[in-house]
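Here is a friendly walk through one protein chain, best read with the model open beside you. Keep the viewer handy and follow along.

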Amino acid sequence: MLFIFFRKVNNIKYLQKRLIMIIAMIVILIFPASAFANQIDSNLNQFNLPTDKAAMESTMETYRTTLFYVTAGYDDYSTFSKMDKDFLAHWLIANRPTTGYSSIKDLRDTFAIGMTQRSFMINLNSAADSFALWTLLVGDEDQEQPHINYDLYNTLTEEEQDSVCQQLITNKPISGYGTALDAQYQLDQAIALIKRSEDTSRSSPQNSNPIVGQVIVNTLSGTAAAESNSPAALSKMLGSDVSLTARVLTAGREGSVLTIGPDGQFIIGSNVAAGQYPVVIHVTAPNGQQLAGQPGTLTVNSNGAASMEIDLIDPYGVITDHVTKQPIPDVDAQLYWADTELNRSEGRTPDTLVTLPELPSFAPNQNHNPQISTTDGRYGWMVFPDGDYYVIAQRDGYQTYDSRKDERDEQQGDTSYIRNGLIHVGQTIVELNFDMINNPIETSSTGGYMDGYPDDTFRPDHPITRAELASILSRILPSTGVEHKKDYPDVASTHWAMEAIQEMTGHQVIEGYSDGTFHPDSPITRAEMASIASRVKHLETKQTTFSDTTNHWAEASIGAAQAAGLMSGYPDGMFHPDQSLTRAEAVTIVNRMMGITDSPHSVPVIWKDVPSTYWAYEQIQIASR
């Protein structure tokens, strides 16, 4: 009893000392009320330049007189752990106004808020002995929202708590604890070590000790299969600078929160009955904000063993072309708060960009918003739970995608869904893959795009080659602005239609073959023409009425071209999909496809082999240059 009283008395004295130190540190470090804080410093703009933590820390060091009012402020800062300095550097970047810091007061005020946010971790990393740390934890537990869960810690005697605090100091990384969850993990590990070393003569010892379990990760499509069943898959995806917790759901209610260590281990109390429990694995960003996570299952066996199994779902989406289904790079993707009662009740402003915490190791774009899709069409955000969102995506040559107009109805997990144009994120992440549609092709009523031959013939019944069709389409379709042009081994740089082939394949109007070739001088087939027409006009797939197109690779495109009145069959009721397209058929289809109805010539063009009685005479007149 005397010992406990002594600790409480010293605890009060220590808290008084810490309070005086904190007040002094705030005054020394930031001094925001100073009249000098409003002055414009010639070095202030240096704090508007860094985009990464290392650069900002260097700036804070070099231009310390701008950030710190007196030298003593910097002297205190210089004793901070690397993790604490990293946090404050990131804080100055993440909370920097879009127009930059405009005064020293703005800079110091922002730094002061960061200090307040980080104060527990600064004190934790600065604690040099077990008593100092013990006092800090006692003070934290009295807070309305403690940084650490003390349920297991409070089952220890004060001597054991001393030992645990000493272990926290001994096992502290050289760079310091990054987050409170890192410290929580070490705390739980130290407690488990003490429990395991207790007198084994107790009755049912295995039921009185905490249970140490292991996370098992089941990787799904898109993740690294080699890392299956390993927490390394999570670390690789999200980065080592995030922390993981698991919220256990029991009897339909939210139960205890478990800390998951970097090796995938977790600790639960011995009072958890054997059985299976649903859990949600939450991600905590480096700045302490909690993000939506992954669903999983906690299994507790009667012998005291435990495991937590989760299915690793990529938090990425892939943006693809509506017709070709190929990924689209360089799409500007933006995430907004939806206009819903839920968001308004949480103080979120509808139709504004969502400000997300940066995840430096999270590919493909570090959780930035907005972000640009990668060369394989990927984008990805780790977002906040219990929120309603929508996505806007834009790229030159494509119609703007607005998820509010997306008619899909998908339930994703127990609490999240995409429905009626709303992306609702409950506790678990949502995967959103979507197509973008090319801009409508501009049409002209005037033709004049196709040449004949030097001998004054048009050769209407001759097959048209793939190179010739690419050349025609490049003349009448608007420029696409596509920069990623594909090279083909069978299309030499000296080929007369090389540029047209590159442009049309870049626009994905005409496609090459699976072996990487284009076959420029091969005749184009009627099936290939139907496929091209469907892509250009964004036609919806349709059933065909032709008996010779059943199960054909282009069956749906043929049906779409037929339904749109662009192509028809032959008198025998067949379509002949693999038959070569003639030059006369080509101009007829192109004229219909582009809405071209007028000839550019005041007098008819005379072709030796196209009499006025020829079935496609008018269409050839319209197309002739």
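The report below goes through helices, strands and one loop residue in turn.

Please bear in mind that this is a predicted model.

**Helices that cross**

Let us start with two helix pairs. The table puts their geometry side by side.

| Helix pair | Crossing angle | Axis distance |
|---|---|---|
| H2 (residues 53–62) and H5 (residues 82–94) | roughly 95° | within 9 Å |
| H13 (466–476) and H14 (residues 498–506) | about 75° | 8 Å |

The axes of H2 and H5 cross at roughly 95°. Because angles of 65 to 115 degrees count as roughly perpendicular, H2 is roughly perpendicular to H5. On the H2 side, the contact is made by Lys-53, Met-56, Glu-57 and Met-60. H5 contributes Lys-85, Asp-86, Leu-88, Ala-89, His-90, Leu-92 and Ile-93. Sorted by class, this contact holds six nonpolar, one polar and four charged residues.

Now for the other pair. H13 and H14 pack at an angle of about 75°, which makes H13 roughly perpendicular to H14. From H13 come Ala-467, Ala-470, Ser-471, Leu-473 and Ser-474, and they meet Ala-500, Ile-501, Glu-503 and Met-504 of H14. The classes here are six nonpolar, two polar and one charged.

**Helix H8**

Does the length of a helix fit its residue count? H8 offers a simple check. It covers residues 158–170, and at 1.5 Å a residue its 13 residues should span 18 Å; the end C-alpha atoms are 18 Å apart, so the two agree. Which residues of H8 are buried? They are Glu-160, Gln-161, Val-164, Cys-165, Leu-168 and Ile-169. A general point helps in reading such a list: an α-helix has 3.6 residues a turn, so residues three or four places apart point the same way.

**Strands and their partners**

Next, the strands. Strand S9 (residues 332–337) is mostly covered, with five of its six residues buried. S9 pairs with strand S10 (residues 371–372) in the antiparallel sense over two bridges, and Asp-332 stands opposite Ile-372 there. S9 also pairs with strand S12 (residues 387–394), again antiparallel, over six bridges. In that pairing, Tyr-336 has Tyr-390 of S12 as its bridge partner.

Elsewhere, three strands form an open sheet with mixed pairing, in the order S11-S8-S17. Why is one side of S11 and of S17 left without a neighbour in the sheet? Both stand at the edges and each has a single partner strand, so one side of each stays free of a neighbour. Neighbouring strands in this sheet are turned by 35° against each other on average, direction ignored. Strand S8 (residues 316–321) runs antiparallel to S11, and three bridges join them. Gly-317 stands opposite Tyr-379 of S11.

**Gly-452, a loop residue**

S17 and H13 lead to the last stop. Where does Gly-452 lie? Its place is the loop between strand S17 (434–436) and helix H13 (466–476). Gly-452 has a relative accessibility of 25%, so it counts as partly exposed. Leaving aside residues up to four places away in sequence, Gly-452 touches Thr-457, Phe-458, Arg-583 and Trp-607. Take Trp-607 as an example: Gly-452 and Trp-607 are 155 residues apart in sequence, yet their C-alpha atoms are 8.1 Å apart in space.

Terms used: Residues numbered from 1 in each chain as written. Predicted model: local features only at pLDDT ≥ 70, side-chain atom pairs only at ≥ 80, totals over all residues. Heavy atoms only, no water. Helix = DSSP H or I, 4+ residues; strand = E, 2+ residues; numbered from the N terminus. Buried < 20%, exposed > 50% of the residue type's maximum accessible area, 1.4 Å probe, protein only. Contact = heavy atoms within 4.5 Å. Pairing = 2+ DSSP bridges. Axes fitted to C-alpha atoms, helices over the stretch in contact; angles between N-to-C directions. Parallel < 35°, antiparallel > 145°, perpendicular 65-115°, else oblique. Nonpolar A, V, L, I, M, F, W, Y, C, P; charged D, E, K, R; others polar. Expected span 1.5 Å × (residues − 1).
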